[in-house]
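Please look at the sequence and the structure together before reading on. The explanation below is intended to be followed with both in view.

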Amino acid sequence: MLKELKPASMKVQEFLSKNGQDFVVQEMPSSTRTASDAAASIGCSVAQIAKSLIFKHGETGEAVLVVASGSNMVCADKVKKATGITLTKADADFVREKVGYVIGGVPPVAHHSSVHTILDEDLNRYAEIWAAAGTPNSVFKLNPQKLSELTKGQWIDLAK
């Protein structure tokens, strides 16, 4: 199965394996670009999708990764209050340059360089969550504890 993965998904699989994880990247037959598409493809709730959103840090211009539950919208005011970071919109070129993936396929791990990571505490409600794995149709299953360990992210209440 691993031979069939696209290079971006293979990079994620190699990161997971290198970090002692037995999570398996899966190429889905249909799109997982949006949280609702992913949930429909996987057969889980939208809230179980750990969507990786790249923002630009308002003060430094660096990439900030927010991993949010698929059913939540990110409240920039809550993020600012909890972390001191002002989130600004990042365009597709910025996302690809900073993390090495296209929008709709950004994984929470295996980026070009380290990024400040913020995690949606609502993901802790689920024993099993699903994250993008480098392409708009690849995913992997994990749990919130492993998400935290792999990303070194900060858990906050960030939902609008």
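The paragraphs that follow proceed from the overall form of the chain to its strands, its interior and a few individual residues.

The structure shown is a predicted model. Its chain contains five helices and eight strands. Read along the sequence, these elements follow the pattern α-β-α-β-β-α-β-α-β-β-β-α-β. Along its principal axes, the C-alpha trace spans about 45 × 30 × 30 Å. How does the radius of gyration relate to that of a compact globule? For 160 residues, a compact globule would have a radius of gyration near 15 Å, and the value of 14 Å for this chain agrees with that.

Two further values describe the chain as a whole. Buried residues account for 49% of its 160 residues. The chain exposes about 7900 Å², of which carbon and sulfur atoms supply 51%. Contacts also show how parts of the sequence are brought together: among contacts between residues at least 6 apart in sequence, 63% join residues at least 24 apart.

The strands may be considered next, beginning with strand 6, residues 129–132. Both of its faces are covered: Ile129 and Ala131 on one side, and Trp130 and Ala132 on the other, are all buried. Strand 6 pairs with strand 2 (residues 49–57) in the parallel sense, over two bridges. In this pairing, Ile49 stands opposite Trp130. Strand 6 is also joined to strand 7 by four bridges, and these two strands run antiparallel. Trp130 has Lys141 as its bridge partner in strand 7, while Ala132 has Val139.

Strand 6 and strand 7 form a hairpin with five residues between the strands. Within this hairpin, Gly134 takes a positive phi near 105 degrees. Thr135 also lies in the loop between strand 6 and strand 7. Is Thr135 buried or exposed? Thr135 has a relative accessible area of 7%, which is under the 20% limit, and therefore it counts as buried. Beyond its neighbours within four places in sequence, Thr135 is in contact with Lys6, Ala8, Ser9, Glu27, Thr32, Gly104 and Gly105. The C-alpha atoms of Thr135 and Ser41, which are 94 residues apart along the chain, are separated by 14 Å.

Strand 7 has a further partner: strand 1 pairs with it in the antiparallel sense over two bridges. Here Gln26 has Val139 as its bridge partner in strand 7. Four of the five residues of strand 7 are buried, so the strand is largely enclosed by the rest of the structure. Lys141 is found in this strand and is partly exposed, because its relative accessible area of 36% falls between the limits of 20% and 50%. Not counting residues up to four places away in sequence, Lys141 touches Phe23, Glu128, Ile129 and Trp130. The C-alpha atoms of Lys141 and Thr151, ten residues apart along the chain, are separated by 15 Å.

The interior may now be examined. In soluble globular proteins, nonpolar side chains tend to be buried together. In this model, the largest nonpolar core has 28 residues, and those with the most contacts inside it are Val12, Leu16, Ile54 and Phe140. The elements that give two or more residues to this core are helix 1, strand 2, strand 3 (63–69), helix 4 (92–99), strand 6, strand 7 and helix 5 (144–151). Apart from this core lies another, of eleven residues, among them Val66, Val79, Leu87 and Leu158.

Which residues does Leu16 contact, leaving aside its neighbours within four places in sequence? They are Gln21, Phe23, Val25, Val109, Phe140 and Leu150. Two of these residues, Phe23 and Phe140, deserve a separate description.

The count of aromatic pairs in the model comes to one. Phe23 and Phe140 form this pair, with a distance of 6.3 Å centre to centre and 35 degrees between the planes. The pair is classed as tilted because this angle is neither under 30 degrees nor over 60. The two rings link distant parts of the chain: Phe23 is in the loop between helix 1 (7–18) and strand 1 (26–27), whereas Phe140 is in strand 7 (residues 138–142), 117 residues apart. Both Phe23 and Phe140 are buried.

How values were computed. Residues numbered from 1 in each chain as written. Predicted model: local features only at pLDDT ≥ 70, side-chain atom pairs only at ≥ 80, totals over all residues. Heavy atoms only, no water. Phe/Tyr/Trp six-rings, centres within 6.5 Å; stacked < 30°, edge-to-face > 60°. Buried < 20%, exposed > 50% of the residue type's maximum accessible area, 1.4 Å probe, protein only. Pairing = 2+ DSSP bridges. Core = buried A, V, L, I, M, F, W, Y, C linked by side-chain atoms within 4.5 Å. Contact = heavy atoms within 4.5 Å. Rg over C-alpha atoms; globule rule 2.2 N^0.38 Å. Areas by Shrake-Rupley, 256 points an atom, 1.4 Å probe, with all protein chains shown as cover.
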